[in-house]
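Please open the model in your viewer and keep the selection panel at hand. The tour below goes from one selection to the next and says what is found at each stop.

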Amino acid sequence: MKKIVSALALGAMMAVAAAGAANAKEWKTVRIASEGAYPPWNATDTSGKLTGFEVDLGNDLCKRMKVTCEFVAQDWDGIIPALQQGKYDAIMSAMTITDERKKVIDFSIPYGTEPSVFAVMANSPLAKSLALGADRVDLNDQGKAKPVLEKLADALKGKSVGVQVSTIQADFMDKHLPKVTMRTYDKIDNAGIDLSSGRVDAMLGDRSVVEAVVKATPDKMVIVGPNFIGGVIGEGMGVGLRKDTADLKAMFDKAIAEALKDGTVKKLSTQHFGYDISPTK
């Protein structure tokens, strides 16, 4: 891990130098968008202020970059279009780096990663049928993933699954469970509400966020099945950036590499999640 982070830091510093040589913009203030409704990644307190792991990390990264951070709230379903329109400069909103998203925006190196998991009601038959005998499934290893996905599709036949709209979990459903009914929600909390009321049979999301929903309904919901990683689940969470801000990307890459190397990401994620979400690759 240390050697990998060091290589990232060196590459990022070289990129910063190259960007500077190209008469890049002199950044003094960086506006960062976050949904503010995806704890512990990001949330909104009672005063309307954005909080959470990404806000704390973003402020740390801005200090390293010697710029002023301004966080702005933005609904998830419009977060990429508003970036492209120049309403802000970056996105830190638990956005996973995927090939599809890289077609329209750039990303920094990853600053966090976690698996996707299902949750169901504790008294549902799915609590047993989704126990598929695998703790972790890497979707890049189709030899091992395929039989698990087949069992998953069979267990969810005739059922419905709630996911947040325009997420990697929606992509997972489209690709691996196309015959299972998918219901999309503006916020993952609303999928949890419908699961509690019986309007969907399961929900799928990032583990930390699903855990937060489950903890809010103790003894009623349970996390089931494997931790899914790789494939459509993506490379980890990164800062989303416009393609015309290569200099800003280089600055974020360098700052993130430093924050990974000196343990800041580990410290902040342990504080907010209870465990280390630092990228492992």
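Begin by selecting helix 8 (residues 207-216), which lies across strand 7, strand 11 and strand 12 and runs at about 130° to strand 11; helices (H or I, at least four residues) and strands (E, at least two) are DSSP runs numbered from the N terminus, contact means heavy atoms within 4.5 Å, and axes are lines fitted to C-alpha atoms, for helices over the stretch in contact, with angles from 0 to 180 degrees between N-to-C directions. This is a predicted model, in which local features need pLDDT of at least 70 and side-chain atom pairs count only at pLDDT 80 or more, whereas totals for chains, interfaces and linings use all residues. Residues are numbered from 1 along each chain as its sequence is written, and side-chain values use heavy atoms, with hydrogens and water left out.

Add helix 7 (residues 188-197), which runs at about 155° to strand 11 (202-206) and lies across several strands, including strand 9 (160-164) and strand 10.

Now show the sheet itself, an open one of six strands in the order 8-12-7-11-9-10 with mixed pairing, where two strands pair if DSSP finds at least two bridges between them. Its edges are strand 8 (136-138) and strand 10 (181-185), each paired on one side only. At the strand 8 edge, three bridges lead to strand 12 (residues 221-229), which runs parallel to strand 8, and Asp-138 has Ile-229 as its bridge partner there.

Finally, select Cys-62 and Cys-69, whose sulfur atoms lie 1.9 Å apart in a disulfide (a pair of cysteine sulfur atoms within 2.5 Å).
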